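Visitor: I would like to walk through a model with someone who can explain the labels. Could you show me one?
Guide: Gladly, here it is.

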Amino acid sequence: MHRDGKGRFPVDSPRTPVAAEPEAAAALAGAESSGADSSGAVPQGRRTLGPVALVVAAGLSVQFGAAIAVLLMPRTGPLGVVTLRLVLAAVVLLIVCRPRLRGHSRADWGTVVAFGTAMAAMNVLFYQAADRIPLGAAVTFEVLGPLALSVIVSRRPVNLVWAGLALGGVLLLSGGGFDRLDPVGAAFAVSAGAMWAAYIVFSARTGRRFPQADGLALAMAVGAVLSLPLGIAEAGGKLLVPSTIGLGLAVALMSSVLPYTLELLALRRLPAPTFAVLMSLEPAIAATAGFLVLHQALSMIDALAIALVIAASMGAVRTQVARKSP
């Protein structure tokens with residue numbers, strides 16, 4: 001779950017922001033210079049803690065944005081929330097990035113369409129899950145997709161241990177047979193994880209074909225177009241209520257625009273293994289957001305189950321990083 005040296009992210013990244021805009025790079029340079037000591041060097045502790053704080057802030061933004069989305073669902077339904085998030089995020093990214101539309105091959109556009117389709121499907125399935133089961137459980141099931149992708153890509157026997165650990169966590173979370181959770185909600189979350197894995201693959205390909213964040217902005221627009229008929233069918237004119245648009249914009253900024261920016265800045269200074277481990281903490285952050293915003297309490301068994309899945313994700317990531325190291 002990391003970026004390579006060319007500003008792109010291979011298939012083991014859970015979210016895949018691309019190269020920074022010049023303004024972001026300038027802002028980062030200013031932040032780095034402001035942290036330097038009298039000799040011009042930035043203390044090691046500050047170099048580490050600053051990017052870590054950015055990644056943690058990105059995770060908090062994503063999951064608390066998801067909690068706000070759950071609060072918005074009674075107004076628009078899950079599909080309406082998806083439409084608001086993707087349409088408003090696409091508008092923001094298209095205005096900021098102003099991607100070039102000419103000069104791309106048919107294969108480039110095919111990759112963007114596949115990326116946007118995976119993005120739309122992932123969001124539709126996840127919000128359907130979040131409408132039925134607690135947020136922490138939904139993210140825990142969803143993270144199985146990237147975890148399975150990491151295990152498959154690595155092809156190391158030790159990853160069977162991590163897969164077994166994750167399976168144990170899922171069985172605990174489901175009460176041994178999904179009897180404590182809505183089985184339809186759990187199935188939606190697992191399916192969202194499969195789409196997350198597809199999202200990772202196509203986002204990496206998009207990053208190789210498009211400069212800066214152009215591919216992301218275009219894919220977000222594709223996802224917005226695909227989701228629009230679904231949102232209109234479910235929510236209709238409710239999507240145009242000003243207060244609903246305001247909450248939808250908050251979800252779009254917190255769940256898409258802000259996290260990409262924070263992670264982008266962090267990845268310029270943070271070691272890839274550290275970033276990957278921090279990203280593995282998202283189920284715990286989601287459970288915290290669900291508790292604080294949605295009053296979704298966790299039992300000790302739920303907490304243990306989420307911890308097992310987090311440990312499995314961390315282990316798989318560390319194994320993958322070790323395999324790539326010389």
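**Reading the labels**

Guide: This is a predicted model, and its chain has 12 helices and zero strands. Half of the picture is inside: buried residues make up 50% of the 326 residues.

Visitor: How do you know that Arg209 and Asp108 form a salt bridge?
Guide: The closest N and O atoms of Arg209 and Asp108 are 2.7 Å apart. The cut-off is within 4 Å, for a side-chain nitrogen of Lys or Arg and a carboxyl oxygen of Asp or Glu, so the label applies. Arg209 sits in helix H7 (residues 183–209) and Asp108 in helix H3 (residues 106–130), so to speak distant parts of the chain, 101 residues apart. By this rule the count comes to one salt bridge.

Visitor: Why is Asp108 called buried?
Guide: Asp108 has a relative accessible area of 10%. Buried means under 20%, so Asp108 gets that word.

Visitor: And what makes Arg209 partly exposed?
Guide: The relative accessibility of Arg209 is 39%. That value falls between the 20% limit for buried and the 50% limit for exposed, so Arg209 is partly exposed.

Visitor: How many aromatic pairs are there?
Guide: A search of the whole structure finds three. One of them joins Trp109 and Phe210, with 6.4 Å centre to centre and 70 degrees between the planes.

Visitor: Why is the pair of Trp109 and Phe210 called edge-to-face?
Guide: Ring centres must lie within 6.5 Å, and planes over 60 degrees apart count as edge-to-face; with 6.4 Å and 70 degrees, the pair therefore meets both conditions. Trp109 lies in helix H3 and Phe210 in the loop between H7 and helix H8 (214–235), so this pair ties together parts that are 101 residues apart in sequence. Trp109 is partly exposed at 29% relative accessible area, whereas Phe210 is buried at 4%.

Visitor: What makes Phe126 and Tyr127 an edge-to-face pair?
Guide: Their rings are 5.6 Å apart, centre to centre, with 65 degrees between the planes. The limits are within 6.5 Å and over 60 degrees, so the name fits here too. Both Phe126 and Tyr127 are buried.

Visitor: How do you know that Val91 is partly exposed?
Guide: Val91, in helix H2 (residues 44–97), has a relative accessible area of 41%. As partly exposed covers the range between 20% and 50%, Val91 belongs there. Together with Ile95 and Val96, Val91 forms a nonpolar surface patch of about 270 Å² of accessible area.

Methods: Residues numbered from 1 in each chain as written. Predicted model: local features only at pLDDT ≥ 70, side-chain atom pairs only at ≥ 80, totals over all residues. Heavy atoms only, no water. Helix = DSSP H or I, 4+ residues; strand = E, 2+ residues; numbered from the N terminus. Buried < 20%, exposed > 50% of the residue type's maximum accessible area, 1.4 Å probe, protein only. Patch = residues over 30% accessible without salt bridge, like charges linked within 9 Å, V, L, I, M, F, W, Y side chains within 5 Å. Areas by Shrake-Rupley, 256 points an atom, 1.4 Å probe, with all protein chains shown as cover. Phe/Tyr/Trp six-rings, centres within 6.5 Å; stacked < 30°, edge-to-face > 60°.
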